[in-house]
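Let's take a relaxed walk through this structure. Have a look at it first, then read on.

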Amino acid sequence: MDEQEKTDIAFKTTGCTWLGPVSDQVGVPLDQVNFIACQVFGLALAFWFRLFLSPQRVTAEVRHAVALVFGASIIMFCFGWYAVHVLILVLSCYGIMITASVHNLHRYTLIASLGYLTLCQVSRVFIFDYGVLSTDFSGPLMMITQKVTTLAFQVHDGMSRKREELKEDQRRLAVHSRPSLLEYLSYNINFLSVLVGPCCIYKDYIEFIKGQHVQHRLKRVKDIGSQQNGWNKVPEPSPVRTVINKLLVCVCCLLWFFIITKAFPITYNVDPQFVSEASFVTRLAYALISVQAARPKFYFAWTLADAVHNAAGFGVSGVNERGEVSWDLISNVHIWEIETATSFKSFIDNWNIQTAFWLKSVCYDRAPFYRMPLTFVLSAIWHGVYPGYYFTFITAIPITLAARTVRRNFREYFLSSRLLKICYDVVTWAATQMTICYTVMPFLLLAVEPTMQYYRSMYFHVHIISILTVILLPSKPCGFKPESLKTRHSNNNVKED
C-alpha cells in the first residue's frame, strides 16, 4: 500500500487530515494521531471541568449539557460526518427506552444496538481496505452499545423484576426510573468516554455529575467498617498524582511501541519464508514476543482513558489497605496482573475489565444455559465481523475448559510447599502466556487465510491439547471439594464456576 492510499484511508477514517505532517514525522497512522490528540484535549477538558464546573458552582443540568456538547464536538472532529451514526444509535435506543415495555426494553435495545453496530462494521469493511485496522467510527459505536444495553438491563431490573429475583450486583445497580433525554445523551456521549470508553455504571455517572460520587464511595467504605484505615483523615481527594502516574505509564507504552512493537510485526508470523525456514521453536518464540510487543498499544489507550476520567474527579472506588484513595473504579486493565497471570481466566479477568463486566452482566449472569459459549459468541459479535475475532473467541472455549480441568485435577498437589508452589506458578505462567499468544493471534491477523496459515504452522497443537485434556481428564476429580477453589494463592485467586 503506497502513502497516498494510506492517506485516503486515514481521511475516510478520521474525516480530517490536518495532523498529517505530525503523523508523517512520528511514523504513526493519522487516525491514531488524531485519537491521541483528542484524548489529550479531553484530559485538559477534564481538569477544567473539575475545577470550573464543580457541583458547587453549577447545576447538574449544566454539567450534563457541557459534557454532552464537548463529547459531540470531539466525535465530529475525529470522524466527520460518520459521527451521525453515533447520534442515530443513541436516539434510536432512547426511543426504545421511553416507548417499550419495561418487560422487553432490554431485549429490544440489545437487538437494535448490536444490529446497527454490525451493519456499520460490515460497511466499514467496504469503506476502508479489508484487514486495515484503524481508529474509526465503529469504536465509539462499540462503547455506546455497551452503555445503552447496560442501562436497559438495569432499568429492566429496577422497574420490572422483584427485588428477591435479583442477584446482589443486580439489586445494587438497578435503575428505578427511566432517564431523561439529557441524562441519557450525557451518559452515552460525554467527552470522558465517547472515544474509547470505558463503559461506566449509569448510577456512578449520575452521582459524579451531581457531585456525590467521591463521598458516596468513601462513605460506603466507612459504613462497611472492614477497611476504614483512617477514612476520617481522607479529605476531598485530588486526582493529580494518580493522573501523573497513569500518564507516565502511557509514555512508557509509547516508547515501547516505537522501540519494540515496530521491530516485531505480527504479520511476520505468517511470512512464507519465515514459516518455511524457521524451526517450530523459533516460530513459537517469535509469536510470543510479537504478541507481547502488541499489548502496550492497548495499555496506552485504556490507561489514558482512565486518566481522563480521573482528571475530572471520576473513578474513586474506595480506599486501599494503606488508607489511600483508590482511583480504579473504571480502570480497564491491570498491567501487572496481566503480565504475571498464571491462569487463562486470571488473564481475561484483568484485560478489558469493563467489557468483561458488561458481558457478564448482560449475558453470562442471565443466560439459562451454555453461559460461557454464548458469552464468547456475544464478545465476537461485538468486536466486529472480521473472521479472526471469531477464531479467537471460539478457540477460547476449549482452552478455558481445559485450563479449568487441569487446575481442578493438579493444583492441590502443588500447594504443600513453597518450592512446589513456585514451580507451579512458573509453569502455569509460561503456559498461560503461550496459550494467550496462540489464542489472540487470529484477533490480530483478522482474516481467514493468515489465521489458517498460522495455525497450520503451529500444527494446531493448542487446539489438540485442549480438546484431549477435556476428554481425557475428569471434570471433577476424586476427592474434589468446591471450597478448595476458593483458596487464594498468587494470581490464581479468581473463583471458578
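A salt bridge here is a side-chain nitrogen of Lys or Arg within 4 Å of a carboxyl oxygen of Asp or Glu. Before we use that, a word on what you're looking at: this is a predicted model, where local features need pLDDT of at least 70 and side-chain atom pairs count only at pLDDT 80 or more, while totals for chains, interfaces and linings use all residues. Residues are numbered from 1 along each chain as its sequence is written, and side-chain values use heavy atoms, leaving out hydrogens and water.

**Salt bridges**

Side chains of opposite charge can pair when their charged atoms come close. How many salt bridges does a search of the whole structure find? The search turns up 12. Three of the pairs are set out here, with the distance between N and O atoms.

| Acidic residue | Basic residue | N to O distance |
|---|---|---|
| Asp 349 | Lys 345 | 3.0 Å |
| Asp 365 | Lys 360 | 2.9 Å |
| Asp 365 | Lys 167 | 3.8 Å |

Start with Asp 349 and Lys 345. They sit four residues apart in helix 17 (residues 344-349), so about one helical turn separates them. Helices are DSSP runs of H or I with at least four residues, numbered from the N terminus. An α-helix has 3.6 residues a turn, so residues three or four places apart point the same way.

How covered are these two? For that we need some cut-offs: buried means under 20% relative accessible area, exposed means over 50%, and partly exposed is in between (1.4 Å probe, protein chains only). Asp 349 is partly exposed at 28%, and Lys 345 is partly exposed at 28% too.

Now for Asp 365, which pairs with Lys 167. Asp 365 is in the loop between helix 18 (353-364) and helix 19 (371-383), and Lys 167 is in the loop between helix 7 (138-160) and helix 8 (168-173), so this pair ties together parts that are 198 residues apart in sequence. Asp 365 counts as buried, at 19% relative accessibility, whereas Lys 167 is partly exposed at 39%. Asp 365 also meets Lys 360 in a salt bridge, and Lys 360 is partly exposed, at 37%.

There's a linked group as well: Asp 157, Arg 161 and Arg 366 form a network of salt bridges.

**Helix 18**

Is helix 18 mostly covered or mostly open? It's mostly covered, with nine of its 12 residues buried. Among them are Trp 358, Leu 359 and Tyr 364. The buried residues of helix 18 pack against helix 7, helix 17 and helix 19, where contact means heavy atoms within 4.5 Å.

**Around helices 3 and 4**

Asn 34 is part of helix 3 (residues 30-52) and is buried, at just 1% relative accessibility. Its C-alpha atom is 9.6 Å from that of Phe 79, although the two residues are 45 apart along the chain.

Ser 54 belongs to the loop between helix 3 and helix 4 (60-79). Ser 54 is buried too, at 12%. Leaving aside residues up to four places away in sequence, Ser 54 touches Phe 49 and Arg 63.

**A nonpolar patch**

Finally, look at the surface. Val 251, Leu 254, Leu 255, Phe 258 and Ile 259 make a nonpolar patch of about 440 Å². Patches are built from residues with over 30% relative accessible area and no salt bridge, with nonpolar side chains (Val, Leu, Ile, Met, Phe, Trp, Tyr) joined within 5 Å and like charges within 9 Å. The areas come from the Shrake-Rupley method with a 1.4 Å probe. Leu 254 lies in helix 12 (residues 240-259) and is partly exposed, at 30%.

Terms used: Helix = DSSP H or I, 4+ residues; strand = E, 2+ residues; numbered from the N terminus.
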